[in-house]
Amino acid sequence: MHGTLLLVIQLAALTTEPIVVASPSAQVQSLSRKEVRHIFTLRRKSWSNGIPVRIVLPPVGSSEDKWLSEELLGLPPDVYRRFLAEQAYRRGGKMPLRADKAGVIKTVKAAGSSAGVVSVVPSPAEPPLVPVKIQSK
Amino acid sequence: MTTLFRKLLTTAGAWAAATTAMASEGPWTTAPGLHNVYAGLFYERFQCFTLDGVSDPTCGEDAAPVPTPVQRTGVKLFYRTGLTSKLDVAASAPLIHAFSGEADNPDLATTTGVGLLQARLRRRIGSLGPLDLAAGAGVESGFLHRNTRGRITNIGDGVTSLQASAYAGATGLLGPRFYTFSTDLSYSFRLPEAQSDIGRIPGDELRFASVMLYAISSTFGLGVSIDGQFRMWGEPLDFAQLSSYGSATDSLRWAALDASQLKLGSRLAIYPSEHRPYLQLSAHRAIWSVNNPTDTTLVEVAVGFDAGRRH
């Protein structure tokens, strides 16, 4: 009985799609796919309220990393990592933070402010991050 | 016929040294604290050049061959570092070895020395849509090879010039991969050394270099590039007129010529990793020329790495 329940839970976890989340300070409830692409390809630098966008990438090799690259951006994960490295190099910036297995919030807290954070996490959202609805257009 | 070839050969040497190792940098300035170093090996060869009214089975219409190919090989060092987050400085120096099959001829003597020394400042000036933009100013000089600039096997035309440059570039997603595009445009004011009926000599130049690189994987980028140099004015291809500017030694004849060239090429980039520097292989071929070689082939291998840390 326990084994069956565990299997059901594991299957549910496997079939649950990751979600885009943002910190409340970003004041964003929904984004278009184009906006999401602009954010995660470093083209969009700030939220509409002027707070800088702070991307926190999911751990390398995680299902969220794969979903972000392949589903949202249409790139193989290794090519997306190369793209970010090229962007950071060419624009004199730094690579976005990458969450460790402790989670996005612990990662950004360790790095300082969590204002303006956007990330991809397993559903449900890790409080206080709030889910961002992705509009199909 | 030999005399004609000799004259033709003399003309063919005109401008080829200026063709080495142009490359688009784009508008992306280096971060302060970082030091980019590139070292490139190149090989260049040509045998045909433009000559109106002449047809040759090897060189085609309006082109003629020279009896012995002119070849150049060398190494180019390039250094760049950031001064502020939007301002960087770069310098480059090539060491060139030029030779042909007739080393006993003073015009074709083997020449080894320092080519065109270049330095420039570049500043980011913002963006226009997806394009990042920068502007720059530079200086270049061939004073270290002035005494051999009259040779056909020259390593440059010995001129000193000032440049104003504009840079544009973009990166973005294209299908399941990403691209990087950059283009550099420069106007080169060449310090006058003589006066002619057509204006000050040497004539100014307009130059551009552009490259589009597509990441075919996380390791390899493949792309096309185009380089052009257009002299705004100069003497026509008149052997008597050109000879008035001197001969194999201390000559301004190649700098005085009205000459232009456009090269098209391809590039393979191997992106850097923790264990590997940036590597690049490129090959260019002349596709259009005026008073210049029509078959210039240029192959370059370059390695690039960073030192220091971003501030």
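## Backbone outliers in chain A

Leu42(A) sits in the loop of chain A that runs between helix 2 (33-40) and strand 3 (54-57). This is a predicted model. Although Leu42(A) is not a glycine, its phi is positive, at about 70°. With a relative accessibility of 17%, Leu42(A) counts as buried, because the cut-off for buried is under 20%.

A positive phi, of about 75°, also occurs at Gly74(A), just after helix 3 of chain A. Helix 3 covers residues 63-73, and its buried residues are Glu64(A), Asp65(A), Trp67(A), Leu68(A), Ser69(A), Leu72(A) and Leu73(A).

## Chain A overall

Chain A contains five helices and six strands. Along the sequence these elements follow the pattern α-β-β-α-β-α-α-β-α-β-β.

Of its 137 residues, 41% are buried. Chain A has an accessible surface of about 7400 Å², and carbon and sulfur atoms account for 59% of that area. For contacts in chain A between residues at least 6 apart in sequence, 69% link residues at least 24 apart.

## Chain B overall

Chain B has three helices and 15 strands. Its C-alpha atoms occupy a box of roughly 60 × 40 × 35 Å along the principal axes. The radius of gyration is 20 Å, which agrees with the value near 19 Å for a compact globule of 311 residues.

Buried residues form 52% of the 311 in chain B. The exposed area is about 13000 Å², with 63% of it supplied by carbon and sulfur atoms. Of the contacts in chain B between residues at least 6 apart in sequence, 65% join residues at least 24 apart. The charged side chains number 26 positive and 27 negative, and the centres of the two sets are 9 Å apart.

## Thr29(B) and its contacts

Thr29(B) belongs to the loop that links helix 1 (2-12) to strand 1 (34-56) in chain B. Its relative accessible area is 4%, so Thr29(B) is buried.

The side chain of Thr29(B) reaches the backbone oxygen of Ser85(B) at 3.5 Å. Leaving aside residues up to four places away in sequence, Thr29(B) touches Arg90(A) in chain A. On chain B, Thr29(B) touches Ser85(B), Lys86(B), Leu87(B), Asp88(B), Arg122(B), Arg123(B) and Arg124(B), with that exclusion again applied.

## Strand 10 and the cis peptide in chain B

Gly199(B) is part of strand 10, residues 199-201 of chain B. At 17% relative accessible area, Gly199(B) is buried. Apart from residues up to four places away in sequence, Gly199(B) touches Ala194(B) and Trp233(B). From Gly199(B) to Phe143(B), the C-alpha to C-alpha distance is 22 Å, and the two are 56 residues apart in sequence.

Ile201(B) and Pro202(B) are joined by a cis peptide bond with omega of about 5°. Pro202(B) lies in the loop between strand 10 and strand 11 (205-215) of chain B.

## Positive phi in strand 2 of chain B

Asp62(B) is located in strand 2 of chain B, residues 60-84. Its phi is near 50°, a positive value in a residue other than glycine. Asp62(B) has 36% relative accessibility and therefore counts as partly exposed, because that class lies between the 20% limit for buried and the 50% limit for exposed.

Methods:
Residues numbered from 1 in each chain as written. Chains lettered and ligands numbered in written order. Predicted model: local features only at pLDDT ≥ 70, side-chain atom pairs only at ≥ 80, totals over all residues. Heavy atoms only, no water. Helix = DSSP H or I, 4+ residues; strand = E, 2+ residues; numbered from the N terminus. Rg over C-alpha atoms; globule rule 2.2 N^0.38 Å. Buried < 20%, exposed > 50% of the residue type's maximum accessible area, 1.4 Å probe, protein only. Contact = heavy atoms within 4.5 Å. Areas by Shrake-Rupley, 256 points an atom, 1.4 Å probe, with all protein chains shown as cover. Lys, Arg positive; Asp, Glu negative; His and termini not counted. Charge placed at Lys NZ, Arg CZ, Asp CG, Glu CD. Polar contact = N/O pair within 3.5 Å; in protein donor to acceptor, adjacent residues only side chain to side chain.
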